[in-house]
Protein chains: 2
Amino acid sequence: MGFSSKAAATKTPSRKARGEGHTRRDEILAAAKALFLEEGVRATTIRRIAERVGVSAPALYLYFKDKDSILIELCDRIFARLLARLEEIEREPLPAGQRLRRMGEAYIRFGLEHPDEYRITFLEATAPEPVRFTGHRTDTSDLSRPGAKGALVFSKIVQVYEAVAKEGTRLPYPPVTCAELSFLACHGLVAALIAEPDFPWSDRETLIRGMVEASVRGVVPTL
Amino acid sequence: MGFSSKAAATKTPSRKARGEGHTRRDEILAAAKALFLEEGVRATTIRRIAERVGVSAPALYLYFKDKDSILIELCDRIFARLLARLEEIEREPLPAGQRLRRMGEAYIRFGLEHPDEYRITFLEATAPEPVRFTGHRTDTSDLSRPGAKGALVFSKIVQVYEAVAKEGTRLPYPPVTCAELSFLACHGLVAALIAEPDFPWSDRETLIRGMVEASVRGVVPTL
DNA sequence: ATTCGATATGAACAGTGTTAACTTAGCAGT
DNA sequence: ACTGCTAAGTTAACACTGTTCATATCGAAT
């Protein structure tokens with residue numbers, strides 16, 4: 001049955017001490033993450049991750065289906081932090097309008113702080129190429145896809161808009177549509193600032209505050 | 001060492017100075033474009049473009065610096081059409097607020113109609129990896145970069161906001177900042193629908209009209 | 001002692017963008 | 001006619017990429 005801890009057994013004794021509690025899987029994730037913010041996405045290749053872990057490239061395939069799986073898991077772990085942040089805000093005793101603003105700001109700042117993960121989760125198309133019709137299925141989306149955690153984040157905003165409606169404010173669209181509009185506006189700011197960091201944008205703080213405001217009042221003017 | 005020239009009989013004496021209609025350069029662009037919308041971005045590779053033109057892969061480098069240059073030129077040509085559309089709208093005798101809405105809608109629809117080109121122009125980071133500080137240069141941006149045409153598009157919106165100000169409406173931010181906020185909100189919608197076409201978004205038309213409205217009234221509530 | 005299953009490896013495959021060296025064809029000028 | 005010169009294209013190769021396959025090692029259970 002269960003074997004305790006990990007079975008060390010590196011064929012070539014790695015000079016770095018194997019910390020307790022690290023599985024090889026975690027090592028890979030950690031190496032990928034480090035490579036990520038030290039040298040950027042472009043440098044984060046299978047062979048370089050493997051090199052960092054001190055292992056050959058095919059070894060990664062014992063723990064991950066393919067390269068995307070590694071990146072997706074990495075991103076999902078980061079996005080879990082955003083989710084936690086939003087749930088914090090959710091618990092604050094604020095009027096719904098204010099909670100909306102706090103969430104918007106938290107979302108934007110998070111995105112700007114994790115540009116690579118944000119890009120992979122929301123900007124990179126992993127959808128198969130020839131598929132272009134928008135299948136409108138409210139199905140149980142498979143959680144392995146990128147954007148799965150993204151969808152969770154999104155659902156938080158829906159909840160707040162439902163709260164807004166419950167407070168008596170009339171919404172011009174269904175809560176889910178309101179949430180999409182607010183979310184997409186903030187998303188636009190993050191996406192553009194990440195993709196075009198060299199463009200001479202206006203002052204970042206002004207843009208953030210302005211977009212938070214616009215994303216709320218643009219959808220529900222009375223908020 | 002036989003000079004068994006099974007040589008390409010396609011030695012059309014296409015004097016490029018002659019420039020009647022199709023130069024080889026244009027052929028390459030056309031092939032890339034066709035490949036683009038027949039088989040998607042992923043299939044648009046140097047060798048396959050070359051194959052379509054009926055030429056070897058390295059031949060493309062006689063006309064373009066690298067692969068990106070091909071794609072960028074392709075995108076710029078498409079975006080020139082958007083620019084023309086916006087200039088049409090610019091000439092319509094409408095109140096500035098209405099012109100803003102018309103432009104927003106045109107922008108969004110254009111983006112959704114040309115997802116691949118939009119992605120390359122606005123979503124793909126071609127910025128060198130380690131550069132992450134935002135150099136605030138109002139300079140003569142080099143026109144070869146992707147987003148060069150994008151910047152032109154953007155400047156159109158700035159002009160309209162200046163017209164709004166001139167009409168007497170007080171703006172909460174400088175015109176350029178207003179334009180950025182409006183633009184970025186619309187950009188968010190386009191970017192997300194392109195990147196995640198399978199997500200069960202609300203009705204597309206509702207989102208478009210809603211975002212156009214929000215991108216204007218969110219920034220300038222009295223418009 | 002042998003089998004088993006997990007872990008890891010080196011070699012290789014089918015791609016990618018790109019560069020180098022070489023071959024032509026066509027056109028000027030002594 | 002014979003040089004040169006230039007533009008346009010070629011084949012071969014390089015340095016990568018993600019990924020698969022056949023093989024090896026090794027601790028543990030039978």
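## Two protein chains and two DNA strands

A polar side-chain atom of B:S56 sits 2.7 Å from a phosphate oxygen of DNA strand D; a polar contact here is a pair of N or O atoms within 3.5 Å. Before going on, note that this is a predicted model, in which local features need pLDDT of at least 70 and side-chain atom pairs count only at pLDDT 80 or more, while totals for chains, interfaces and linings use all residues. Residues are numbered from 1 along each chain as its sequence is written, chains are lettered from A and ligands numbered from 1 in the order in which they are written, and side-chain values use heavy atoms, with hydrogens and water left out.

Let's stay with strand D. The side chain of B:R24 places an N or O atom 2.5 Å from a phosphate oxygen of DNA strand D, and the side chain of B:Y63 does so at 2.5 Å. In total, 16 residues surround this strand, the closest being A:T45, A:Y61, B:R24, B:S56 and B:Y63; a residue is near a strand if one of its heavy atoms lies within 4 Å of it. Sugar and phosphate make up 56% of the atoms of DNA strand D that come within 4 Å of the protein.

Now turn to strand C. Of the 16 residues around it, A:R24, A:S56, A:Y63, B:T45 and B:Y61 come nearest. Sugar and phosphate account for 54% of the atoms of DNA strand C within 4 Å of the protein. A side-chain N or O atom of A:R24 is 2.7 Å from a phosphate oxygen of this strand, and a polar backbone atom of B:K67 is 2.8 Å from a phosphate oxygen. B:R47 reaches a base instead: an N or O atom of its side chain is 2.8 Å from a base nitrogen of DNA strand C.

Away from the DNA, chain A has eight helices and zero strands, where helices (H or I, at least four residues) and strands (E, at least two) are DSSP runs numbered from the N terminus. Of its 223 residues, 48% count as buried, meaning under 20% relative accessible area with a 1.4 Å probe and protein chains only. In chain B, 19 of the 21 residues of α7 are buried.

Finally, look at A:I108. Leaving aside neighbours within four places in sequence, A:I108 is in contact (heavy atoms within 4.5 Å) with A:C186, A:L189, A:V190, A:I208, A:M211 and A:V212.

Methods:
Buried means under 20% relative accessible area, exposed over 50%, partly exposed in between (1.4 Å probe, protein chains only). A polar contact is a pair of N or O atoms within 3.5 Å; within protein, one must be able to donate a hydrogen and the other to accept it, and residues adjacent in sequence count only if both atoms are side-chain atoms.
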